[in-house]
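Biologist: Please take a close look at the nonpolar interior of this model and at what is arranged around it. A connected account would suit me better than a list.

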Amino acid sequence: MADYLKVALLFALEREARPWLKRSRALLRATSDRRRLWWTVTASGEIAAGVIGPGERLAREGTRWVFNQFRPDVALVCGLAGALRPDLCVGDIVLAERLLDRRGAIVHRARSEFLSLAERTGLPWRRTSGTTLERVLGRIEEKLELARESGADWVDMESAGVLSEAAER
């Protein structure tokens, strides 16, 4: 990994990005429909925060749009996910080692150098596995069933779309 990195932070919704935007003082760089891209420079690289849209299809299209505006070395899916384990709490930072399908088959495995890079930040990462669905699970029974079937620790609606677009780059 290079010492100077271009990092894309990908958020489904603008409200998920707001806490980071307040701290970073990033400047709005591009807009398109409901998509937004903010940009800032740090001592170790450039960071772009993009609002890509909710759900797998919009996440894929939004990720393509962000990647065309800002060619990152690393992209992180940020924002909300539903915990499928009782020991995951609000505010936990999860580092996905694997993305699983609903049956537990590995769809994507994170590259070891990215896992190492993330852990070197000193942030309190929790190594986990996740899965992506097209809808929000509102009932605890649904979450328990998904956890049992997939073996995932959390669920979101965007990671599979982001990863499918990133795989083409």
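Modeller: The model is a predicted one, and ring pairing can be dealt with at once, since the structure holds zero aromatic pairs. Aromatic rings do take part in contacts with charge, however. The charged end of Arg 29 is placed over the ring of Trp 39, 5.5 Å from its centre, and Lys 6 lies over the face of Phe 70, at 4.7 Å from the ring centre.

Now the interior. The largest nonpolar core comprises 13 residues, and Leu 9, Phe 11, Leu 21, Trp 38 and Ala 49 have the most contacts inside it. At least two of its residues come from each of β1 (5-11), α1 (14-24) and β4 (45-51). The largest share is that of β1, with four residues. Apart from this core lies another, of 12 residues, which includes Leu 37, Ala 48, Ala 59 and Phe 70. As background, nonpolar side chains in soluble globular proteins tend to be buried together.

Trp 38 deserves a separate look. With neighbours within four places in sequence left aside, Trp 38 is in contact with Glu 14, Leu 21, Ala 26, Leu 27, Leu 28, Arg 29, Ile 47, Ala 48, Ala 49 and Val 51.

Arg 35 belongs to strand β3 (residues 35-42). Arg 35 is buried, because its relative accessible area is 15%, under the 20% limit. Again leaving aside neighbours within four places in sequence, the contacts of Arg 35 are Ala 30, Val 51, Ile 52, Leu 58, Glu 61, Gly 62 and Trp 65.

Two loop residues have an unusual backbone setting. In general, most residues other than glycine have a negative phi. Arg 25, which is not a glycine, has a positive phi of about 55°; Arg 25 is found in the loop between α1 and β2 (27-32) and is exposed, at 71% relative accessibility. Asp 33, also not a glycine, has a positive phi of about 50°. Asp 33 is in the loop between β2 and β3, and its relative accessible area of 72% makes it exposed.

The helices further along have buried residues of their own. In α4 (residues 140-150) these are Glu 142, Leu 146, Ala 147 and Ser 150. They cover an arc of only 135° around the axis, so they are on the same side of α4. Ile 140 and Arg 148, on the other side of α4, are exposed. The buried residues of α4 pack against β7 (93-100), β9 (125-132) and β10 (154-156). Just after α4 comes Gly 151, with a positive phi of about 80°.

In helix α5 (residues 159-167), the buried residues are Ser 159, Ala 160, Gly 161, Val 162 and Glu 165. Their cover includes β1, α2 (56-69), β5 (74-78), β7, β9 and β10.

Last, the cysteines. The count of disulfides is zero. Cys 78 is in no disulfide, and the nearest cysteine sulfur, that of Cys 89, is 19 Å away. Cys 78 is partly exposed, with a relative accessible area of 22%. Cys 89 is likewise in no disulfide, its nearest cysteine sulfur being that of Cys 78, 19 Å away. Cys 89 is partly exposed as well, with a relative accessible area of 49%.

How values were computed: Residues numbered from 1 in each chain as written. Predicted model: local features only at pLDDT ≥ 70, side-chain atom pairs only at ≥ 80, totals over all residues. Heavy atoms only, no water. Phe/Tyr/Trp six-rings, centres within 6.5 Å; stacked < 30°, edge-to-face > 60°. Lys NZ or Arg CZ within 6 Å of the ring centre and 35° of its normal. Core = buried A, V, L, I, M, F, W, Y, C linked by side-chain atoms within 4.5 Å. Buried < 20%, exposed > 50% of the residue type's maximum accessible area, 1.4 Å probe, protein only. Contact = heavy atoms within 4.5 Å. Disulfide = S-S within 2.5 Å. Arc of directions from axis to C-beta.
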